[in-house]
Structure formats: structure tokens, C-alpha cells
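I opened this entry to keep track of what I looked up, beginning with the overall layout and ending with a single residue.

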Amino acid sequence: MFNETVLKEIDGIKAQYPERRSALLPSLYIAQREFGWLSDEAMQHVAKTLNLPEAEVRGAASFYSMFRHKPAGRHVIQLCTNVSCMILGAEKLVDFIAGKYGVQPNSTSPDGRFSLVIMECIGACGTAPAMLVNTDFYDSLSENRIEEILGKYK
Ligand code: FES
């Protein structure tokens with residue numbers, strides 16, 4: 001399932017740690033990057049590659065919110081609606097994104113362009129509201145700014 005390049009990347013990560021389980025989170029991240037989400041098959045492959053029990057891999061994958069367990073759109077918007085962001089209008093921004101791009105929270109737009117995930121605090125309370133698009137960080141959001149930002153993600 002992993003190609004040779006990816007297997008070498010994971011081997012390089014394993015070599016950085018005395019314990020192979022320390023490579024679990026970066027390996028899950030790589031699997032998600034390669035396949036877009038963590039299917040049962042992808043988690044089995046990570047377990048096999050690291051020679052770890054599948055239950056341990058599933059446990060780690062289910063604990064962290066950054067891992068996806070169903071197929072996602074081409075771009076994943078993670079919008080914070082925690083206290084600072086909520087006070088500064090994040091819930092209206094959720095409605096704006098839903099109306100403008102046809103993507104409801106925790107779902108994917110019909111055209112497969114965006115998935116929208118509602119996040120807890122992402123550590124940018126001082127410049128709220130904030131979001132990630134894939135791994136890119138944006139803050140001081142407004143409807144206009146979101147429109148400008150998301151225009152870059154086709
Ligand atoms: S509450 Fe949204 S970044 Fe902290």
C-alpha cells in the first residue's frame with residue numbers, strides 16, 4: 001500500500017527514535033497525507049510497517065482530532081468556534097462558509113472541494129477568529145477575508 005518513497009520516509013522517522021512506537025503519530029500523519037484519511041486498511045498498514053498491534057494504532061488514531069476517519073474534500077477547513085472566536089463571530093462564519101461553499105460542519109461539499117471541521121481552540125485567541133486550511137493558518141477572519149483565502153484553494 002505505501003510506495004517505496006513513503007516506506008523510506010517512515011524508516012527515516014523510525015531511525016530517529018529508540019522505540020518504534022514513537023514513530024506512530026508521524027506515520028499516521030503520513031498515511032493521512034498519502035490517502036486523504038485513515039481507513040481501516042491504512043491503519044492496518046501503519047501497524048504492519050511499525051510492527052505494532054492494530055489496537056494501539058487505532059487507539060492513537062481515534063484519540064487525536066487531526067486524524068480523519070472518513071474521506072475528506074480536497075481541502076480541509078478547520079474553523080475554531082471556541083470562546084474567543086465565538087465572541088468575535090465564528091458562528092456567523094460557519095453559516096457564511098456553509099451558505100457560500102455548500103459545506104456543513106463535519107461534512108464535505110457536494111463538489112468535493114472542501115470539508116469543514118469545527119475545532120476547539122487552535123491557540124490564536126488574541127487574533128480570533130482563526131482557522132486552518134489544510135496545514136495553512138489564518139487569523140483575524142471576516143467573511144471577506146475567508147472568501148479571499150478560500151479562492152486560493154481550488
Ligand atoms: S478560541 Fe479560537 S483560537 Fe482560541
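I looked up how far apart the domains lie, and the centres of domain 1 and domain 2, taken over C-alpha atoms, are separated by 28 Å. The domain assignment, which is automatic or comes from a database, gives domain 1 as 4–63 and domain 2 as 75–150.

I noted that this is a predicted model, in which local features need pLDDT of at least 70 and side-chain atom pairs count only at pLDDT 80 or more, while totals for chains, interfaces and linings use all residues. Residues are numbered from 1 along each chain as its sequence is written.

Next I looked up the largest nonpolar core (buried Ala, Val, Leu, Ile, Met, Phe, Trp, Tyr and Cys residues joined through C-beta atoms within 7 Å; buried means 20 or more other C-beta atoms within 10 Å, exposed 12 or fewer, partly exposed in between, with C-beta atoms placed from the backbone). It has 17 residues, of which I77, L79, L93 and I97 touch the most other members. Strand 1 (75–80), helix 6 (90–101) and strand 3 (114–119) each supply at least two of its residues, where helices (H or I, at least four residues) and strands (E, at least two) are DSSP runs numbered from the N terminus. A second, separate core has 13 residues, including A23, L24, A31 and L50.

Is P105 buried or partly exposed? I found P105 in the loop between helix 6 and strand 2 (107–108), and it counts as partly exposed because 14 other C-beta atoms lie within 10 Å. Leaving out residues up to four places away in sequence, P105 touches V94, L116 and I118, contact meaning C-beta atoms, placed from the backbone, within 7 Å.

Notes. Contact = placed C-beta atoms within 7 Å.
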